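The following report is meant to be read beside the sequence and the model. It takes up aromatic contacts, a pocket, cysteines and some local backbone features in turn.

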Amino acid sequence: MAGDLRRAHSTAPVTEGLDKADGDEANPDIGARLRELRKMHGFSQRELAKRAGVTNGTISLIEQNRISPSIGSLKKVLDGFPISIADFLTLDLKPRSRVFYEAKQLREIAGGDVSFRLVGRDTKGRAIQMMHERYAPGADTGDEMLSHAGEECGIVISGVLELTVGGEVRRLVPGDAYYFDSRLPHRFGNPGTIDCVIVSACTPPSF
């Protein structure tokens, strides 16, 4: 019985079992999606076929929707990227939100001697918060230690950063980096004579 089920899954067309009542989202154009994904990766049909271990004709026929690949066949083709079948069928290949930001489009959420410029207008629905941080000479995040759920990391771009995490204090210079559990009490400061600039990331977002 188990063997029959495995064979059935490997030979069933990919679209079999999808709820057509849900519309195109539930019954995607396999050929168009494969062609778009291949072009996004910069692969020719021949290159993808070579990577996946299938014939060039197979890729061509699938992209033209002249054949409906089985789950097993499609998985073999997708291994050439690689990408899972689930991601292939559900990934939004045309992002609905902004992807690129000019420097002037970063949102300032602090200002003054300490500047936090956020990538994106807000972090709602995002898994990552990324910022361009600047600390003027002598500036810091305050006497009170910060603490919140999540993890954060960053790289010093210029200047000197004095970072306190738990009971440890370290001065970091350009090229140095940090990564820590944000639940540990922490504090940022600039003990130097020029601006300290950091590129940081935090997950989940704290702002």
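The structure holds five aromatic pairs, where rings of Phe, Tyr and Trp (its six-membered ring) pair if their centres lie within 6.5 Å, and planes under 30 degrees apart count as stacked, over 60 as edge-to-face and the rest as tilted. Phe 116 and Tyr 135 form one such pair, edge-to-face, with 6.1 Å from centre to centre and 75° between the planes. This pair links distant parts of the chain, since Phe 116 belongs to strand E2 (residues 114-118) and Tyr 135 to strand E3 (residues 129-135), with the two positions 19 residues apart in the numbering. Helices (H or I, at least four residues) and strands (E, at least two) are DSSP runs, numbered from the N terminus. Both Phe 116 and Tyr 135 are buried, a term that stands for under 20% relative accessible area, with exposed for over 50% and partly exposed in between (1.4 Å probe, protein chains only). Phe 116 and Tyr 135 also belong to one aromatic cluster, together with Tyr 178, Phe 180 and Phe 188.

The model is predicted, so that local features need pLDDT of at least 70 and side-chain atom pairs count only at pLDDT 80 or more, whereas totals for chains, interfaces and linings use all residues. Residues are numbered from 1 along each chain as its sequence is written, and side-chain values use heavy atoms, with hydrogens and water left out.

A contact of another kind involves Arg 33, whose charged end sits over the ring of Phe 88 at 5.8 Å from the ring centre; the criterion is that NZ of Lys or CZ of Arg is within 6 Å of the ring centre and within 35 degrees of the ring normal.

What surrounds the second largest pocket, and which strands supply its lining? The pocket holds about 220 Å³ of space, where a pocket is, on a 1 Å grid over the protein atoms alone, an open set of points where a 1.4 Å probe fits, with protein on both sides within 12 Å along at least five of seven lines, and lining residues have an atom within 4 Å of a point. Grid points are joined across faces, edges and corners, and the volume is the space filled by probe spheres set on the points. The lining of this pocket has 18 residues, of which Met 131, His 148, Glu 152, Ser 206 and Phe 207 are the closest to its centre. Strands E3, E4 (151-158), E8 (186-189) and E9 (196-203) each supply at least two lining residues, and the largest share, four residues, comes from E3. By character, the lining divides into 10 nonpolar, six polar and two charged residues, with Ala, Val, Leu, Ile, Met, Phe, Trp, Tyr, Cys and Pro counted as nonpolar, Asp, Glu, Lys and Arg as charged, and the others, Gly among them, as polar.

The structure holds zero disulfides, a disulfide being a pair of cysteine sulfur atoms within 2.5 Å. For Cys 202, which is in no disulfide, the nearest cysteine sulfur is that of Cys 153, 8.7 Å away. Cys 202 counts as buried at 6% relative accessibility, and Cys 196 is likewise buried, with a relative accessible area of 0%.

Most residues other than glycine have a negative phi, and most peptide bonds are trans. The peptide bond from Phe 81 to Pro 82 is cis, with omega near 0°, and Pro 82 is found in the loop between helix H5 (71-78) and helix H6 (85-90). A cis bond also runs from Thr 203 to Pro 204, with omega near -5°, and Pro 204 lies in the segment after E9. Asn 65, in the loop between H4 and H5, has a positive phi, near 60°, and counts as partly exposed at 42% relative accessibility.

The table lists C-alpha distances for residues separated along the chain.

| Residues | Separation in sequence | C-alpha to C-alpha distance |
|---|---|---|
| Gly 57 and Gln 45 | 12 residues | 8.6 Å |
| Val 173 and Val 160 | 13 residues | 4.9 Å |
| Val 114 and Ala 136 | 22 residues | 6.4 Å |
| Ile 128 and Pro 205 | 77 residues | 5.8 Å |

Of the residues named in the table, Val 114 lies in strand E2 and counts as buried at 15% relative accessibility, whereas Ile 128, in the loop between E2 and E3, counts as exposed at 52%.
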